[in-house]
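Grab a coffee and work through these short exercises with the structure open beside you. Try each task before you read its solution.

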Amino acid sequence: MSKSESARRDPAERGRILQLVLSLILFAGFAILLFVPNTAYYDNTFLELLLQILKGSFIGNAALKAALFVIVIAYAVLLVCTVAAFFCRRVAALAFNALKTLILLAAFAFFAIALIGNYGLNVIDIFYSKNTILAINSLSLAILFGLLALAVLSFTAHRAYAVVKVLFVCFSVSFFFLERQAFVENYSLFDLFGSLQLADSALGTATRIVFQVLAWATLVNFGLAVLTLVLPRNNPLDTLRADVLFVIALAALALLGAYAGFSDLLGFPGTIGFGILALAQLLFAHAFALLEHFRRKRAAMQAVPAPTEEPSSEEETHLPDPAMQASIDELLQTERRALRLQAERGYADAPIADTFYDSLTPAEREEFDRLFVRMPDENGLPPYRVGGDNRDFFRKAFIYLGKFRDEISDGLLRKLYDYSERL
């Protein structure tokens with residue numbers, strides 16, 4: 001079979017090729033952005049600014065200089081990850097693609113924050129244009145390209161469920177649309193990142209601290225939503241950040257009511273709108289967490305076959321049948337005899353005989369290695385030892401099916417079940 005035919009037939013190889021193509025696209029896209037003029041404030045390209053910083057002729061504060069040095073490091077990571085992806089399997093190549101994209105996004109976001117702090121700009125000055133909505137500059141295009149890249153990587157990793165992850169990002173972005181509204185006194189959302197001048201009292205100090213925490217929590221909420229695009233499907237981060245942001249929004253509303261008067265709360269649409277959006281994000285996150293819980297539970301119930309007969313006694317429930325135990329021992333002895341024969345003939349490095357493992361196709365073997373051979377010994381399910389005594393593994397595999405049901409293919413699951421039945 002030719003290499004091209006093998007790639008067409010092997011889903012794992014096709015997935016690896018897709019990640020390599022995306023890796024090259026990411027490298028080319030971020031490289032081109034170095035030559036796009038206008039970096040939101042400077043008329044220079046990023047490449048010209050990087051050369052200025054290396055020559056020591058750049059004009060800007062220490063934060064901007066640090067941000068440019070970070071961008072240099074991020075591009076070095078981009079190059080290393082692009083090369084490394086060609087020597088990895090699909091999952092590792094996907095991880096390298098996600099890593100370099102996240103690092104470049106963080107570097108450009110750091111530059112944007114430094115630009116705002118140095119020149120007194122706001123987010124609208126950098127990213128908004130009346131004619132094109134999104135400002136056409138290298139900074140906004142770099143961040144947009146990074147976000148789109150993470151969304152594509154999420155679809156390659158999670159398929160249809162990536163739509164949910166993209167919706168989480170949209171929710172986190174929606175908070176920034178309240179930027180022009182008043183949150184406390186005459187301060188807008190982005191004013192909260194600076195120094196607030198509220199009443200010189202204990203209540204005024206508490207209100208100032210909570211609203212500054214709210215501003216930074218909004219930014220962290222967006223960053224974590226972007227990060228979860230490439231995190232595993234089953235993670236608690238979305239519900240956790242939704243819970244924390246909602247608690248902060250409630251605290252801000254309560255302190256604003258005490259500080260400015262509850263009867264005047266409607267005069268601060270920014271804080272009220274923020275609380276409504278935080279509640280909507282909270283409900284959305286917990287609704288999908290609940291649906292995911294029931295989906296995993298239903299999948300586990302469908303995958304575990306019903307027993308063909310009821311045990312007749314408590315002893316039958318806990319003790320293996322003697323004939324079955326003899327069959328297992330015979331099977332294991334056969335594999336051990338093959339291993340001893342290999343050692344006697346001098347083939348110590350030859351593959352260890354393993355009836356179940358040897359029955360898998362190359363694609364199934366790669367999947368089985370990823371799920372069970374290289375898994376950590378935790379959560380009650382021991383890792384599979386090729387050529388070893390794996391009775392405990394087969395005894396517990398379907399008890400812990402819910403932990404890996406989303407990742408295992410139907411063909412491998414059927415072979416695992418058939419072999420367990422033989423035991």
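**Exercise 1: The whole chain**

Among contacts in this predicted model between residues at least 6 apart in sequence, 64% join residues at least 24 apart.

Task: work out how many helices and strands the chain has, and what share of its residues count as buried.

Solution: Start with the secondary structure, which comes to 17 helices and 2 strands. Next, take burial: 39% of the 423 residues count as buried. To finish, look at the outside, where the chain exposes about 23,000 Å², with 64% of that supplied by carbon and sulfur atoms.

**Exercise 2: A nonpolar patch**

Task: find which residues form the nonpolar patch on the surface, then decide how L24 should be classed by accessibility.

Solution: The patch is formed by L24, F27, L79, V83, F86 and F87, and together they have about 590 Å² of accessible area. Two elements, α2 (11-33) and α4 (62-84), each give two or more residues to this patch. Now zoom in on L24, which sits in helix α2. Its relative accessibility is 45%. Buried means under 20% and exposed means over 50%, so L24 counts as partly exposed.

**Exercise 3: Two helices side by side**

Task: say how α2 and α7 are oriented, and list the residues that make the contact.

Solution: First get the geometry: the axes of α2 and α7 (residues 138-158) come within 10 Å and cross at roughly 175°. Angles over 145 degrees count as roughly antiparallel, so that is how α2 runs relative to α7. Then pick out the contact. Helix α2 brings L18, Q19, L22, I25, L26, G29, F30 and L33, while α7 brings S138, L141, A142, F145, G146, A149, V152, L153 and T156.

Definitions and conventions. Residues are numbered from 1 along each chain as its sequence is written. This is a predicted model: local features need pLDDT of at least 70, side-chain atom pairs count only at pLDDT 80 or more; totals for chains, interfaces and linings use all residues. Side-chain values use heavy atoms; hydrogens and water are left out. Patches are made of residues with over 30% relative accessible area and no salt bridge: like charges are joined within 9 Å, nonpolar side chains (Val, Leu, Ile, Met, Phe, Trp, Tyr) within 5 Å. Accessible areas come from the Shrake-Rupley method with a 1.4 Å probe; for residues, only the protein chains shown count as cover. A salt bridge is a side-chain nitrogen of Lys or Arg within 4 Å of a carboxyl oxygen of Asp or Glu. Helices (H or I, at least four residues) and strands (E, at least two) are DSSP runs, numbered from the N terminus. Buried means under 20% relative accessible area, exposed over 50%, partly exposed in between (1.4 Å probe, protein chains only). Axes are lines fitted to C-alpha atoms, for helices over the stretch in contact, and angles run from 0 to 180 degrees between N-to-C directions. Angles under 35 degrees count as roughly parallel, over 145 as roughly antiparallel, 65 to 115 as roughly perpendicular and the rest as oblique. Contact means heavy atoms within 4.5 Å.
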